[in-house]
Structure formats: C-alpha cells, structure tokens
Amino acid sequence: MASPATEPRLETFADLLHQIGNVPLERIRLHPAPGTATEQDVTAALEGVEKHICELVDGVLVEKPVASTEAMLAGVIVQLLWNYVEEDDLGVVIPGDGPLRLRIGLVRIPDVSFISWDRLPGGEFPDDPIAAVAPDLAVEVLSEGNTKAEMERKLRDYFDAGVRLVWLIQPKTQTAVAYTSTTKTRRVGKEGSLDGGEVLPGFRLPLKEVFARAHRQRQKAR
C-alpha cells in the first residue's frame, strides 16, 4: 500500500479546500470539524439513520454526491461486471457504499470497484468496516457536484495506491474516459465500449447498453 504523501502546510480553510479538490462546500461535513475526521467517522456516517456516504480526505469527511440516475448506472455496471467475474471466479465487485482504505488517513469509495483475489489476503475479502485494499479497477460515475480538481486528485490517489485501471463515466454526454495512469487515457464515445484491458481481459462494456438499461430501470421506478 502506498505511503502517505507529504502535503504542504495548510494555513487557511481555502488551502484545505484546494488540497481536497475544491469540492462544493455543501459536501463537506462539519461534524467532526474539517481536519479532524477519522475512519471511525466514515463508518459512523455510513451506519447512521440517514446514511451519509463520505470519503475521508486529509481529515475531512467529503460526502459523495448521490443521484438516482448515477446510482442506476453504477448498479448496471456492478451487475455486468459480476456476471463476467463470476464465470471464472476472478474476484469481487463492490458497489458504491463500500469504503476502501488506500493508505492511512485516505478512504475512497468508488461507485464500482473490482478487486481480484490476488489482492486479498488469503483469498478472502477482509471482515473489516473499511477494507485496507486498493481495487484493480475503480469506476466513478460523474455527478454535477464533482469538480475537475476533485477528480484529478482522485486519479492521483488511485494510481498512487496501485489501482491499475480507472473509468470515469459522464452521464450527461453518455461518454467515458479510461485511465491506465494519470496521463494515459482513452476516450470512449457514446457508441463505443470500455474494455477491461489487462485487468479483465476480454471484458467489454458497451456504453449504449449501459445507458439504455439504466433508462429502462428509471422508467420502471416511476
């Protein structure tokens, strides 16, 4: 697991906000005070009556934006990944409420994660509130509340921790970008497909199918 990066000294709340990616203020939890949050606060927020899904970034609880469309898209991806992964028992697929410790003091919650058995001690998923494991694949379904700086920070965090592949999916344009590093990218149009690359050889995710399924689910929910 990656060791903590050396961060510059923070003098103001603006410095802290910049460091975590200029996320909208309404997504920053005030209790506990920003800069003092711990992993216990992440699990308490998840297990609370209102269930706030929060990541832990530099001592700050940052709430993930939640919307039904993004949640349904993530759900479709979870299902399709599970269908593929189960055929050859390749690992586990985690939905968007599964916190993962990328390093001490940094907890991320991808909208979808694939973790191969090779990454899991003893070939079993740890029975811990926050699993200390970086996924092979992290999927983020972008919301309006996500900022460019936030996603750039997330990409750095993921690859510093050993994530091998990241998909950023943009519902507004029904497109995606696949990253194999912070600088190596492949853009996928709405008629194209994401592929598992070296992480999930042979797996393909047609964006048109994903968005069509999510649309049908949204129509049924009405």
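Good morning. I shall begin with His-52, which sits in the loop that runs between α2 (39-47) and β1 (54-57). Please keep in mind that this is a predicted model.

His-52 has a relative accessible area of 17%, and it is classed as buried because the threshold for that class is under 20%. Its side chain makes a polar contact of 2.7 Å with the side chain of Glu-63. Beyond its neighbours within four places in sequence, His-52 is in contact with Arg-29, Ala-45, Leu-46 and Glu-63. Glu-63 therefore appears both in the contact list of His-52 and, by the definition of a polar contact as N or O atoms within 3.5 Å, as its polar partner. As for Met-72, which is 20 residues away from His-52 along the chain, the two C-alpha atoms are separated by 18 Å.

Let me now step back to the chain as a whole. How many helices and strands does the protein chain have? There are 5 helices and 12 strands. The radius of gyration is 17 Å, close to the 17 Å that the globule rule gives for 222 residues, so the chain is as compact as a globular protein of that length. The C-alpha trace spans about 45 × 40 × 40 Å along its principal axes. Of the 222 residues, 48% are buried. If we consider contacts with a separation of 6 or more, 58% of them are accounted for by residues 24 or more positions apart.

Turning to the surface, the protein chain exposes about 11,500 Å², and carbon and sulfur atoms supply 51% of that area. The chain carries 26 positive and 33 negative charges, and the mean positions of the two sets are 8 Å apart.

I return to individual residues with Arg-108, which belongs to strand β5 (residues 106-108). Is Arg-108 buried or exposed? Its relative accessible area is 3%, and Arg-108 is buried because that value is under 20%. Its side chain joins that of Glu-55 through a polar contact of 3.0 Å. Once neighbours within four places in sequence are set aside, Arg-108 is in contact with Glu-55, Val-57, Gly-98, Pro-99, Leu-100, Leu-102, Arg-153, Lys-154, Asp-157 and Tyr-158.

The next residue is Ile-77, in helix α3 (residues 68-87). Ile-77 counts as buried, at 0% relative accessibility. Which residues does Ile-77 touch, not counting those up to four places away in sequence? They are Val-112, Val-139, Ile-169, Leu-205 and Val-210. Between Ile-77 and Asp-111, which are 34 residues apart in sequence, the C-alpha to C-alpha distance is 9.4 Å.

Helix α3 also holds Ser-68. Ser-68 has a relative accessibility of 51%, and it counts as exposed because the limit for that class is over 50%. The C-alpha atoms of Ser-68 and Leu-155 are separated by 24 Å, and these two residues are 87 positions apart along the chain.

Thr-147 takes us to the loop between β7 (137-141) and α4 (148-160). With a relative accessible area of 19%, Thr-147 is buried, since the cut-off is under 20%. The side chain of Thr-147 reaches the backbone nitrogen of Glu-150 at 2.9 Å. Leaving out residues up to four places away in sequence, Thr-147 touches Gly-21, Asn-22, Val-23 and Pro-24.

I close with the backbone geometry. Most residues other than glycine have a negative phi, and most peptide bonds are trans. Where, then, is a cis peptide bond found? The bond from His-31 to Pro-32 is cis, with omega near 0°. Pro-32 lies in the loop between α1 (13-19) and α2.

Two residues deserve mention for their phi values. Asp-58 is not a glycine, yet its phi is positive, at about 55°. Asp-58 is placed in the loop between β1 and β2 (60-63). For Asp-89, likewise a residue other than glycine, phi is positive and near 50°. Asp-89 is located in the loop between α3 and β3 (91-94).

Thank you for your attention.

How values were computed. Residues are numbered from 1 along each chain as its sequence is written. This is a predicted model: local features need pLDDT of at least 70, side-chain atom pairs count only at pLDDT 80 or more; totals for chains, interfaces and linings use all residues. Side-chain values use heavy atoms; hydrogens and water are left out. Helices (H or I, at least four residues) and strands (E, at least two) are DSSP runs, numbered from the N terminus. The radius of gyration is taken over C-alpha atoms; the globule rule is 2.2 Å times the number of residues to the power 0.38. Buried means under 20% relative accessible area, exposed over 50%, partly exposed in between (1.4 Å probe, protein chains only). Contact means heavy atoms within 4.5 Å. Accessible areas come from the Shrake-Rupley method with a 1.4 Å probe; for residues, only the protein chains shown count as cover. Lys and Arg count as positive and Asp and Glu as negative; His and the chain ends are not counted. The place of a charge is taken as NZ of Lys, CZ of Arg, CG of Asp or CD of Glu. A polar contact is a pair of N or O atoms within 3.5 Å; within protein, one must be able to donate a hydrogen and the other to accept it, and residues adjacent in sequence count only if both atoms are side-chain atoms.
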